[in-house]
Amino acid sequence: VILFLTLPLSPSLSPSPSPFPYQSNFITTRVVKSKRNLVDKPWLTIGLKKSCETKRTLYHRWVASKGKPSSSSFKVAYVSYRKILRRLLNEAKDSYYLTKFQSNITNSKFCWKLINEIAGKRKKRFAPISLNINGQKVIDHRVIANHFNNHFASLPG
């Protein structure tokens, strides 16, 4: 996920005489690569995603205002918003998984899949194995295993 951030330096935006009236009140735009992948979280609604963006904006406003008299009000706003959002996110996640379990309670394979998803375990996917033997690309696992067996059996010692 790539985010483009343009953050205000002050809570009040006053016009300036430049052709871009609010340019002096903003930090320059920069590209930030986020490690968060919201696609992996199906319980996030559009409203919750917007709330996450609002929380991020409140945080950046608080960080930008550190050392100023208004810093404490930004901190209070951010901390209270974060607390409410965390509770809402946990409720949404719990509700999502509860609904999934209840709709598939008789399917043990699906239940275990959900348990592993909640635990953060993912299926390991292996790339198909191929080996170049005498100039030919071989993908049959038995042929590859036999070739390795013959090779290591012929080593002295």
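Where is the place of Lys75? In this predicted model, Lys75 sits in helix α2. That helix is a good place to start, as several of the residues discussed below belong to it or pack across from it in the C-alpha distances.**The overall layout**

The protein chain has four helices and four strands. Walk along the sequence and the elements come in the order β-β-α-α-α-β-β-α. Of the chain's 157 residues, 16% count as buried.

**Helix α1**

Helix α1 covers residues 46-64. How far apart are its end C-alpha atoms? They are 27 Å apart, and that agrees with the expected span, because 19 residues at 1.5 Å a residue should also give 27 Å. Which residues of α1 are buried? They are Leu48, Ser51, Cys52, Leu58, His60 and Trp62.

Just ahead of this helix, Pro42 lies in the loop between β2 (30-33) and α1. Pro42 has 42% relative accessibility, so it counts as partly exposed. Along the sequence, Pro42 and Lys93 are 51 residues apart, yet their C-alpha atoms are 8.6 Å apart in space.

**Helix α2 and its contacts in space**

Back to Lys75 in helix α2. With 42% relative accessibility, Lys75 counts as partly exposed, because that value falls between the 20% and 50% cut-offs. Lys75 and Val63 are twelve residues apart in sequence, with 8.5 Å between their C-alpha atoms.

Further along, Lys100 is also part of helix α2, which runs over residues 71-103. Lys100 is partly exposed, at 28% relative accessibility. Ten residues on in the sequence comes Phe110, and the two C-alpha atoms are separated by 9.2 Å. Phe110 belongs to helix α3, so this pair links a residue of α2 with one of α3. Like Lys100, Phe110 is partly exposed, with a relative accessible area of 21%.

Here are the three pairs side by side:

| Pair | Apart in sequence | C-alpha to C-alpha distance |
|---|---|---|
| Pro42 and Lys93 | 51 residues | 8.6 Å |
| Lys75 and Val63 | twelve residues | 8.5 Å |
| Lys100 and Phe110 | ten residues | 9.2 Å |

**One salt bridge**

How many salt bridges does a search of the whole structure find? It finds one. The partners are Glu91 and Arg87, and their closest N and O atoms are 3.4 Å apart. Both residues are in helix α2, and because they are four residues apart there, about one helical turn separates them. Neither end is hidden away: Glu91 is partly exposed with a relative accessible area of 43%, and Arg87 is partly exposed at 45% relative accessibility.

**Two surface patches**

Which residues form the positive surface patch? Lys109, Lys113, Lys123 and Arg125 do. Lys109 is found in helix α3, which spans residues 108-119. Is Lys109 buried or exposed? Lys109 counts as exposed, because its relative accessibility is 70% and the cut-off for exposed is over 50%.

There is a nonpolar patch on the surface too, formed by Phe148, Phe152 and Leu155. Together these three have about 310 Å² of accessible area. Phe148 lies in helix α4, residues 141-153. With a relative accessible area of 40%, Phe148 is partly exposed.

**An unusual backbone angle**

Most residues other than glycine have a negative phi. Which way does Asn134 go, positive or negative? Asn134 has a positive phi of about 55°, although it is not a glycine. Asn134 sits in the loop between β3 (131-133) and β4 (136-138). Asn134 is also exposed, with a relative accessible area of 77%.

Key:
Residues are numbered from 1 along each chain as its sequence is written. This is a predicted model: local features need pLDDT of at least 70, side-chain atom pairs count only at pLDDT 80 or more; totals for chains, interfaces and linings use all residues. Side-chain values use heavy atoms; hydrogens and water are left out. Patches are made of residues with over 30% relative accessible area and no salt bridge: like charges are joined within 9 Å, nonpolar side chains (Val, Leu, Ile, Met, Phe, Trp, Tyr) within 5 Å. Accessible areas come from the Shrake-Rupley method with a 1.4 Å probe; for residues, only the protein chains shown count as cover. A salt bridge is a side-chain nitrogen of Lys or Arg within 4 Å of a carboxyl oxygen of Asp or Glu. Lys and Arg count as positive and Asp and Glu as negative; His and the chain ends are not counted. The place of a charge is taken as NZ of Lys, CZ of Arg, CG of Asp or CD of Glu. Helices (H or I, at least four residues) and strands (E, at least two) are DSSP runs, numbered from the N terminus. Buried means under 20% relative accessible area, exposed over 50%, partly exposed in between (1.4 Å probe, protein chains only). The expected span of a helix is 1.5 Å times one less than its number of residues.
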